[in-house]
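Thanks for coming. I have one structure to go through today, so please have a look at it first.

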Amino acid sequence: MVAATPDWCRVFPRRLARVVFAAAASCAVLTARAVMIDEIQVYTDDINKPGEFGLELHVNTTPTGRSTQDFPREITPRHGLRFTPEFSYGLTKDLDAGLYLPYARDADGTTHFAGPKLRLKWLPLQPKEGQGWFMGANLEYSWIAPEFEQSSRFFELRPIAGYRGREWLLAANPILGWALTGPDHDGKPDFSPSVKVARNVASGVALGVEYYAELGKVNNILPRPEQSHTLYFALDYDRKPWVFNVGIGRGLNGATDGWTLKTIIEIPFD
């Protein structure tokens, strides 16, 4: 016998969709935004248990990418290495908090601190016994060094939605981001959707693809040649104590970095 779905599970997805649509409808555009590539990840149903500490290390590099500066003093992606510790802590069963400390090593071998980032993840709809729908949102506030972004403050709303089945994982993050200072501070968000599709191929091992795009302002999408589109082939490994994601990404148009390698490693405490 299948238990009846609670009313809030039916109402919450519609309300979240309305909030995202209202935010998008009220906002407008921007030229492509150069920013520190500190995190290449599609958020799914992962969340810390109450009182649980977590530490992940995000590492990525761009062997073939943009080397022309978009603004003075910018550190461009080509031949760069980015590494970001992410500390997290579970507050409740559907809420956790995180702190990012992103660093970047430029093509000349100099290491730079890009500025801290705080996040708060809310996941009220979670899969039951490891299978089912999930939905929520992640909020982030960033302080960004001038070598990486003309806006020194940035706010991001990342809706999280998807389904985890016995064999398949589907997830989408239609991200909205607001520059809070600088020349792009106009109250209108960028739109950067991302999608993940993965299939379990062995116990604790999944293969799939991840897609990331930067499209410009939500009410004035950039022409396709000026947009950023990247497709990753990714592997997820989850056999305790080791949990990690690795991927190789290919830019799909001329405005996107050619090749990017990325990994996310969960550091075990036990």
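I will go through confidence and overall make-up, then salt bridges, then one threonine, and finally a surface patch.

This is a predicted model, so confidence comes before anything else. The protein chain has an average pLDDT of 87, and 86% of its residues score at least 70. Two stretches do badly. Residues 1–9 have a pLDDT below 50, and beyond near neighbours in sequence that stretch has five contacts in the model. Residues 15–34 are also below 50, but there the model has 40 contacts beyond near neighbours in sequence. Helix H1 is assigned to 7–25, and the low-confidence ranges include residues 1–9 and residues 15–34, so please keep those ranges in mind when you look at that helix.

Now the make-up. The protein chain contains one helix and 16 strands. Of its 270 residues, 46% are buried. The accessible surface is about 14,100 Å², and carbon and sulfur atoms account for 61% of that.

On to charges. How many salt bridges does a search of the whole structure find? The count is 14. I will show three pairs and one network.

The first pair is Asp45 and Arg164, whose side chains meet at 2.7 Å, N to O. Asp45 sits in the loop between helix H1 and E1, while Arg164 belongs to strand E8, residues 153–164, so this salt bridge ties together parts that are 119 residues apart in sequence. Asp45 is buried, at 14% relative accessibility. Arg164 is partly exposed, at 23%. The cut-off for buried is under 20%, which is why the two partners get separate labels, Asp45 at 14% and Arg164 at 23%.

The second pair is Glu156 with Arg158, at 3.4 Å, N to O. Both of these residues are buried.

The third pair is Lys196 with Asp236, at 2.9 Å, N to O. Lys196 is in strand E10, residues 190–202, and Asp236 is in strand E14, so the pair links distant parts of the chain, 40 residues apart. Lys196 is buried, with a relative accessible area of 4%. As for the network, Asp38, Glu39, Lys117 and Glu140 are joined into one by salt bridges that share partners.

Next, the threonine. Is Thr62 buried or exposed? Thr62 is buried, with a relative accessible area of 0%. Thr62 lies in strand E1, which covers residues 53–64. Its side chain makes a polar contact of 2.6 Å with the side chain of Arg82. Leaving out residues up to four places away in sequence, Thr62 touches Pro77, Arg78, His79, Gly80, Arg82, Asp257, Trp259 and Thr260.

Trp259 takes us to the surface. Which residues make the nonpolar surface patch? They are Val201, Leu207, Val209, Leu231, Phe233, Ile248, Leu252, Trp259 and Leu261, and the patch comes to about 740 Å². Three strands each supply at least two of its residues: E11 (205–214), E14 (228–239) and E16 (259–266). As one member, take Leu231, which is found in strand E14. Leu231 is partly exposed, with a relative accessible area of 36%. Strand E14 therefore comes up twice in this talk, with Asp236 in the salt bridge to Lys196 and with Leu231 in the patch.

That is the tour. I will take questions now.

Technical notes
Residues are numbered from 1 along each chain as its sequence is written. This is a predicted model: local features need pLDDT of at least 70, side-chain atom pairs count only at pLDDT 80 or more; totals for chains, interfaces and linings use all residues. Side-chain values use heavy atoms; hydrogens and water are left out. Patches are made of residues with over 30% relative accessible area and no salt bridge: like charges are joined within 9 Å, nonpolar side chains (Val, Leu, Ile, Met, Phe, Trp, Tyr) within 5 Å. Accessible areas come from the Shrake-Rupley method with a 1.4 Å probe; for residues, only the protein chains shown count as cover. A salt bridge is a side-chain nitrogen of Lys or Arg within 4 Å of a carboxyl oxygen of Asp or Glu. Helices (H or I, at least four residues) and strands (E, at least two) are DSSP runs, numbered from the N terminus. Buried means under 20% relative accessible area, exposed over 50%, partly exposed in between (1.4 Å probe, protein chains only). A polar contact is a pair of N or O atoms within 3.5 Å; within protein, one must be able to donate a hydrogen and the other to accept it, and residues adjacent in sequence count only if both atoms are side-chain atoms. Contact means heavy atoms within 4.5 Å. pLDDT is the predictor's confidence in each residue, from 0 to 100.
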